[in-house]
Amino acid sequence: ATAVSVLFVKMPPRRQKKQKLEGNVAALTDEAAGDDSLTSALDILGTDELAHIFGFLPPNDIMRARLNKKMRDAAKTTIVPPVEFIVDSVDKYNSAAAMASAMPNLQQISFSGSELDSRHKYIDGEDPDEHTARFTTNWITHDIEIISNFRMLRSLNIETEHFLNGRYPFLFNFPLLNKLSITKSWDLKWDLEELARLPVLKELHLEWNPQLTGNINSLRALKDILEKVEIIDCKKVEGSFMDLADFPHLTKLDLRDTAITGGIREIGERDFPVLKSLSLPKDVYGGYGQEFLSVSDAHDTISVLYSFRKRRFSSLLKDWSGKLSEDSPDWYDADRRAVYNPAPMYVLFVEAGSRVGYRWETAHDVPTVCEVNWLDPEPHRYSSDYEQYIEELEEINEQVDIYRGYHQPPTRDEYWTIHGMIEDY
């Protein structure tokens, strides 16, 4: 303990040196190496003790602290804290390449190709997109396979746009990986079946991956471990979401804008036992963004969803919304002269305290809203959440403006009358 404390003793003002260190490793500078007491402490400490100390430092500080062979050996065995290291430039890539051999026990890394330097890319993988390959044929390439050295990786985030092209099987060869996020990777080709090679994967986030293929039942290989599954805007992913119904630890399932089939009405009492958040594609019953052919159809579906929420977690469909289809006889074009007050064609749940209802509104960030259709009775004035309910109810009522008195979208004639009154005013 005495030797460790010596390493982190407050040092006197530093003189400018060729090799600069920052933060917690200021005590491990060239200047510190010249201090007799610190040098003695470093001599006393073994490689394992130094590796333990390095385990409290972020990746960049560990790399800077490798001042001699013992420290370099210690860095190679250090379990690096789970602090995100983002590769978003050529300089950061070069740092990652150095870490791959000098500090292989990195636990978390992100590749963000959207910020990679101009006319740079990663080496094409197997079966690359020919158009992208031709367009980038003269670009400077970098080898992303360096990531294979990080055998202790627990979290991997990939967002590379066109900078990854083809198949890269080594991306799915991390036996300790808990979290995988692949987003905005337009030319990265892979199949959901490859996830079976990540045996302890708990959280999966896939979004805007047009080349991703596969059936969602491939996730059954991870049935007893998966906790969160988000597959969004991956239109080649298919199958029935009910294939995941018996996953014992699944708390979040988001499958918006995929080819997944099924519907809320298929879920039984014992299905998805711990699910707290659910979003299905708009083309299935109860899906996020579901389109309705009439206002009455929307009310019927909302009644089913409300009943489902009451039987399960109240937050399960909290973020659900639907809209009136343009094929509906109830739908009409908004008045072009009233662009800031279009017709309220979107419907979603509203909450005040524990009371749940729904309302129609516009799609603006600050929407123009109709009155709430309450599905729950008003809580008793002596209930524990009554005060919260009254406060939130007042906020909700204050949001109603030109559609006050309307509990559903106004008809075309009512809409024109409302906006005619505004213009006259």
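**A four-strand parallel sheet and its surroundings**

Let's start with one pair of residues: S240 stands opposite T261, which sits in β13. That pairing belongs to a predicted model, so keep that in mind as you look around. The strand β13 is part of an open sheet of four strands, paired in parallel and ordered β7-β9-β11-β13. The points below walk through that sheet, then turn to a few loops and a helix pair.

**The chain as a whole**

- The chain has 425 residues, and 46% of them are buried.
- Its secondary structure comes to eleven helices and 19 strands.
- Take the contacts in the chain with a separation of 6 or more: 60% of them are between residues 24 or more positions apart.

**The sheet, strand by strand**

- A quick reminder before the details: strands in a sheet pair through backbone hydrogen bonds, and they can do this parallel or antiparallel.
- In this open sheet the pairing is parallel, and the order is β7-β9-β11-β13.
- The edges are taken by β7 (190–191) and β13 (259–261); each has a single partner strand, so one side of each has no neighbour in the sheet.
- Starting from the β7 edge, β7 and β9 run parallel and are joined by two bridges. W190 has L212 in β9 as its bridge partner.
- Moving on, two bridges also hold the parallel pair β9 and β11. Here N215 stands opposite E238 of β11.
- At the other end, β11 (residues 237–240) pairs with β13 in the parallel sense, this time over three bridges. This is where the opening pair comes back in, with S240 opposite T261 of β13.

**Which way the β9 side chains point**

- Strand β9 covers residues 212–215, and its side chains alternate between the two faces.
- L212 and G214 point to one face and are buried.
- T213 and N215 point to the other face and are not buried.
- Put that together with the pairing and you get two bridge residues on opposite faces: L212, the partner of W190, is one of the buried residues, while N215, opposite E238, is one of those that are not.

**Loops worth a look**

- Going into β9, the loop between β8 (203–207) and β9 holds W208. W208 has a positive phi of about 60°, although it is not a glycine.
- W208 counts as partly exposed because its relative accessibility is 35%.
- Going into β13, the loop that follows β12 (252–254) holds D257. D257 is another non-glycine residue with positive phi, near 55°.
- With a relative accessible area of 37%, D257 is partly exposed.
- T160 sits in the loop between β5 (155–159) and β6 (179–183). Its relative accessibility is 0%, so T160 counts as buried.
- The side chain of T160 makes a polar contact of 3.3 Å with the side chain of S185.

**A helix pair: α4 and α6**

- Helix α4 (residues 47–54) and helix α6 (residues 69–77) have axes that come within 8 Å and cross at roughly 60°.
- That makes α4 and α6 oblique to each other, and their crossing is right-handed.
- On the α4 side, the contact is made by T47, L50, A51 and F54. On the α6 side, K70, M71, D73, A74, A75 and T77 take part.

How values were computed. Residues are numbered from 1 along each chain as its sequence is written. This is a predicted model: local features need pLDDT of at least 70, side-chain atom pairs count only at pLDDT 80 or more; totals for chains, interfaces and linings use all residues. Side-chain values use heavy atoms; hydrogens and water are left out. Two strands pair if DSSP finds at least two bridges between them. Buried means under 20% relative accessible area, exposed over 50%, partly exposed in between (1.4 Å probe, protein chains only). A polar contact is a pair of N or O atoms within 3.5 Å; within protein, one must be able to donate a hydrogen and the other to accept it, and residues adjacent in sequence count only if both atoms are side-chain atoms. Axes are lines fitted to C-alpha atoms, for helices over the stretch in contact, and angles run from 0 to 180 degrees between N-to-C directions. Angles under 35 degrees count as roughly parallel, over 145 as roughly antiparallel, 65 to 115 as roughly perpendicular and the rest as oblique. A crossing is left-handed if the near helix is turned anticlockwise from the far one by less than a right angle, and right-handed if clockwise. Contact means heavy atoms within 4.5 Å.
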